[in-house]
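Open the model in your viewer and keep the selection tool at hand. The stops below go from one selection to the next.

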Amino acid sequence: MKTHMLTGVHPCKPALRIERASLFPGISFRIWCLVLALATALLSAGPPAVAAQMGRQSGADIPKTDSYDRYWTDSQVGVEVGADFLMLHWKVEDTSFDAATVCPALAVTFGASPALDLRAATSFFKGSDEVDGVDGDILSWQLGVGARYWLSTESDFSPYLQASLFYMLLDSDEVSSLEGTLGAGAEVGIAYRAIDNVLLQLAAGGLTSLIDASGRAGDEDVDVSVAGLTVGVKVAWLF
């Protein structure tokens, strides 16, 4: 007797709906990402002097490096590497899966102004889970662009907001012919100018697919969605 790979029941019988507590109860994570992305875009549209003014208002004794002018300059290029601890959540139709994994990341940055840099980035993650005897796995490679707005450029400690848009290449053993989809991410962090042109960064954020990806499970078409929360560390070298 043939059974469905996601529901474990005969295709002629009503499929049981598998549900489990999600990492995001009652909250649409896509909304949070879009709100933070919009806030970053609005701040980026303002004059770069806003960031410097915020730094001055925080106090007169803000520490500065001797080479301040070299750190935040127009047309400055940087390379950023790091890793995020990712609390991953994905759904295949009505079946929800959760996993904790590590997401390595790489980015090339370009300083559009002292308060704004643009970036091209890539990252990768893989997760697997089992729900009521049903196996699930997801693999994703992200390629995209983003913008980071620095809230203060006069201190060695510089908080920032970041928004990104990317294409997600997806794969799964349980879902064949899985298409890629468009995704978005948001991040809040702080960077510390350690030595010369090196930035140490600590950040928290998240990612989500904006459109459900399509694939096939057995003889049925299924929709797949992905979301996750991240906490990570990164190191950037500015040239």
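Select Asp221 to begin: in this predicted model, its relative accessible area is 56%, and the cut-off for exposed is over 50%, so Asp221 counts as exposed. Add Arg216, which forms a salt bridge with Asp221, with 2.5 Å between the closest N and O atoms. Arg216 is partly exposed, at 32% relative accessible area.

**Buried salt bridges**

The whole structure holds eight salt bridges. Next, select Glu80 and Arg148, whose side chains meet in a salt bridge at 3.4 Å, N to O. This pair links distant parts of the chain, since Glu80 is in strand 1 and Arg148 is in strand 4, 68 residues apart. Is Glu80 buried or exposed? Glu80 has a relative accessible area of 4% and is buried; Arg148, at 1%, is buried too.

Extend the selection to Asp84, Asp117, Arg119, Glu187 and Lys234: together with Glu80 and Arg148 they are linked in a network of salt bridges.

Then move to Asp156 and Arg193, another salt bridge, at 3.5 Å from N to O. Asp156 sits in the loop between strand 4 and strand 5, and Arg193 in strand 6, 37 residues apart. Both Asp156 and Arg193 are buried.

**The largest cavity**

Switch on a cavity display. Two cavities of 30 Å³ or more are found in the whole structure, and the largest has a volume of about 420 Å³. To centre the view on the largest cavity, select Ala121, Ser123, Gln162, Ser164 and Glu187, which are the closest to its centre among the 31 lining residues. Which strand gives the most to the lining? Strand 4 does, with six residues. Colour the lining by class to see 13 nonpolar, 12 polar and six charged residues.

**Asp137**

Stay on strand 4 and select Asp137. Its relative accessibility is 13%, and buried means under 20%, so Asp137 counts as buried. Add Ser172: the C-alpha atoms of Asp137 and Ser172 are 5.7 Å apart, although the two are 35 residues apart in sequence.

**The nonpolar patch**

Finish on the surface. Select Val77, Val81, Leu106, Val108, Phe110, Leu118, Trp237 and Phe239, which make a nonpolar patch of about 700 Å². Strand 1 (77–92) and strand 2 (95–113) are the elements giving two or more residues to the patch, and strand 2 has the largest share, three residues. Val81, in strand 1, is partly exposed at 33% relative accessible area.

Key
Residues are numbered from 1 along each chain as its sequence is written. This is a predicted model: local features need pLDDT of at least 70, side-chain atom pairs count only at pLDDT 80 or more; totals for chains, interfaces and linings use all residues. Side-chain values use heavy atoms; hydrogens and water are left out. Patches are made of residues with over 30% relative accessible area and no salt bridge: like charges are joined within 9 Å, nonpolar side chains (Val, Leu, Ile, Met, Phe, Trp, Tyr) within 5 Å. Accessible areas come from the Shrake-Rupley method with a 1.4 Å probe; for residues, only the protein chains shown count as cover. A salt bridge is a side-chain nitrogen of Lys or Arg within 4 Å of a carboxyl oxygen of Asp or Glu. Helices (H or I, at least four residues) and strands (E, at least two) are DSSP runs, numbered from the N terminus. Buried means under 20% relative accessible area, exposed over 50%, partly exposed in between (1.4 Å probe, protein chains only). On a 1 Å grid over the protein atoms alone, a cavity is a set of points where a 1.4 Å probe fits but cannot get out, and a pocket is an open set with protein on both sides within 12 Å along at least five of seven lines; lining residues have an atom within 4 Å of a point. Grid points are joined across faces, edges and corners, and a volume is the space filled by probe spheres set on the points. Ala, Val, Leu, Ile, Met, Phe, Trp, Tyr, Cys and Pro count as nonpolar, Asp, Glu, Lys and Arg as charged, and the others, Gly among them, as polar.
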